[in-house]
Amino acid sequence: MRYYSTRDRNEPYSFASAVVRGLAPDGGLFVPEEIPRFSHSAAASLGSMSFHEIAYETIRPFVADEIPASALEDIIHGAFTFDAPLNPVGGRFMLELFHGPTAAFKDFGARFMARVFAYLRRNESHPLKILVATSGDTGGAVASGFYQVEGINVSILYPKGRVTSLQERQIAGLGGNIDAIAVEGSFDDCQRLVKSALSDAELNKRLALSSANSINIARLIPQSVYYASAAGGLKARNAAKPFVFCVPSGNLGNLTAGMYAAKMGAPIDMFVAAANSNKTFSEYLEGETYTPRESAATISNAMDVGAPSNFERLSSHWSADELRRMIRGASISDSETRDAIAEVYRNTAYPLDPHSAVGWQAITRLRDNGLLDAGTYTVLATAHPAKFAHVVEPLTGAVKPPPCLEEAMKRSARSVTIPPDFDAFKALF
Ligand SMILES: *Cc1c(COP(=O)(O)O)cnc(C)c1O
């Protein structure tokens with residue numbers, strides 16, 4: 001499979017170079033030259049194959065000429081050490097993506113990407129140094145995903161004093177090959193330091209440097225797996241068509257992965273892109289021109305994105321008409337989100353995290369407005385509610401944290417503190 005920048009169809013890249021570069025030199029995102037299709041037999045057996053088998057069928061065509069079958073199987077077994085169960089709740093299904101080590105769906109992408117990097121570096125004698133800036137959320141998934149992965153060291157930069165204590169322990173509590181750097185500044189400072197390092201000639205001569213940002217194609221492809229698995233599961237249960245998948249969305253990576261799965265042949269009829277009050281994409285779906293803007297802070301803060309980067313990927317594969325046919329949008333306020341958490345808990349005793357609640361409420365709104373046909377609705381539960389206990393527990397009472405979060409809270413955070421300037425950062429290498 002060849003890959004191209006969303007901004008230039010002339011220069012092909014291998015999967016390996018797309019992954020190691022992360023972003024194309026022209027600033028575009030890497031996309032596959034075409035979205036592959038499941039074989040007939042694979043499409044027919046999505047309901048009976050194991051999660052690992054579906055992962056293999058889904059990912060294989062994207063990497064086939066570069067990662068041999070047995071290596072891909074090892075990567076899949078190492079990355080997906082947990083499941084993505086479909087849980088029936090209140091007449092819908094919750095696709096629970098929070099059973100990984102940091103209790104959020106980003107574990108799927110981060111763990112897969114880490115093992116792909118390690119595979120691509122297998123013949124190198126020097127370790128690869130990965131630099132990541134985080135505002136708090138993705139840092140934990142990246143730290144956990146790369147922890148103890150051979151041949152890779154990771155430095156995670158986060159704004160000192162501006163992440164929660166759980167986030168700080170997830171970033172700075174593992175040690176080993178994961179270095180945590182607390183920057184006396186903002187997230188933007190962290191990002192600037194990473195960018196400066198990645199383009200510093202002297203550092204790049206000395207070290208193999210890369211980044212692990214969220215737009216890496218190796219984080220996107222593994223996310224298609226749980227859509228294929230869930231849609232196959234619904235079909236095997238003879239659930240009523242159409243199958244509608246509702247995706248709590250920020251940067252639109254998860255939704256793009258769903259669109260890939262549908263195009264590959266997973267039986268998905270429609271998507272709902274559920275947004276909080278950051279409604280750049282939902283307004284676009286309603287017919288307005290695409291207008292990126294500053295993000296607004298909400299209680300579903302992993303979706304606080306005003307300029308979703310994967311929009312560029314979606315529109316490189318599909319026209320506006322196609323996107324508007326396949327995807328419904330809805331924007332949900334914080335108070336509606338809280339109401340949904342309280343109501344679903346009252347009716348079903350199921351605690352939703354704020355992101356999943358935005359998804360739940362988007363379905364309700366579209367149904368009430370006659371914009372969705374009767375069918376089977378699946379909401380992606382993107383985080384465990386205990387991760388957002390400060391929002392959820394006042395509405396539901398105590399939520400029991402999963403063991404991985406309890407363990408993380410027991411760790412102590414060890415990080416190096418630096419002022420927000422490049423010389424101080426560079427002195428660490
Ligand atoms: C990152 C994240 C999202 C948004 O996913 P995108 O792929 O950026 O659209 C939703 N929910 C949670 C809990 C997240 O961490």
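# A first look at the ligand site and the sheets

A backbone N or O atom of Asn251 lies 2.8 Å from an oxygen atom of the ligand. Once bound, the ligand is well wrapped: the protein covers 93% of the 380 Å² of accessible area that the ligand has on its own. Please keep in mind as you explore that this is a predicted model. Beyond the ligand, you will meet an open sheet of six strands, a second open sheet of three strands, and a buried glutamine, Gln223.

**Around the ligand**

- Of the 14 residues around the ligand, the nearest are Lys106, Gly250, Asn251, Leu252 and Thr382.
- Lys106 uses its side chain here, with a polar atom 2.5 Å from an oxygen atom of the ligand.
- Asn254 takes part through its backbone, where an N or O atom lies 2.9 Å from an oxygen atom of the ligand.

**Gln223**

- To find Gln223, look in the loop between helix 10 (217–220) and helix 11.
- Gln223 has a relative accessible area of 6%, which means that this residue is buried.
- The side chain of Gln223 reaches back to the backbone oxygen of Arg219, at 3.4 Å.
- Leaving aside residues up to four places away in sequence, Gln223 touches Phe105, Gly109, Gly253, Asn254 and Ala257. One of these, Asn254, also has a backbone N or O atom 2.9 Å from a ligand oxygen atom.

**The six-stranded sheet**

- Reading across this open sheet, the strand order is 4-5-13-10-11-12, and the pairing is mixed.
- Strand 4 (86–89) and strand 12 (327–331) are at the edges with a single partner strand each, so one side of each has no neighbour in the sheet.
- From one strand to the next, the twist averages 25°.
- Strand 11 (residues 270–275) pairs with strand 12 in the parallel sense, over five bridges.
- Two of the partnerships are easy to pick out: Val272 has Arg328 of strand 12 as its bridge partner, while Ala273 has Gly329 of strand 12.
- How can strand 12 stand at an edge of the sheet and still be largely enclosed, and why? Four of its five residues are buried, so strand 12 is largely enclosed by the rest of the structure, even though one side is left without a neighbour in the sheet.

**Helices across the six-stranded sheet**

- Helix 11 (residues 224–236) lies across strand 4, strand 5 (92–96), strand 10 (243–248), strand 11 and strand 13 (376–381). Its direction is about 145° to strand 10.
- Helix 17 (residues 354–368) lies across strands 4, 5, 10, 11, 12 and 13. This helix runs at about 155° to strand 13.

**The three-stranded sheet**

- The order in this open sheet is 2-1-3, with antiparallel pairing.
- Strand 2 (8–13) and strand 3 (30–32) are the edge strands, and each pairs on one side only.
- Neighbouring strands here are turned by 40° against each other on average, direction ignored.
- Strand 1 (residues 3–5) and strand 2 pair over two bridges in the antiparallel sense. Along this pair, Ser5 stands opposite Asp8 in strand 2.

Methods. Residues numbered from 1 in each chain as written. Predicted model: local features only at pLDDT ≥ 70, side-chain atom pairs only at ≥ 80, totals over all residues. Heavy atoms only, no water. Pairing = 2+ DSSP bridges. Axes fitted to C-alpha atoms, helices over the stretch in contact; angles between N-to-C directions. Contact = heavy atoms within 4.5 Å. Buried < 20%, exposed > 50% of the residue type's maximum accessible area, 1.4 Å probe, protein only. Polar contact = N/O pair within 3.5 Å; in protein donor to acceptor, adjacent residues only side chain to side chain. Near = heavy atom within 4 Å. Areas by Shrake-Rupley, 256 points an atom, 1.4 Å probe, with all protein chains shown as cover.
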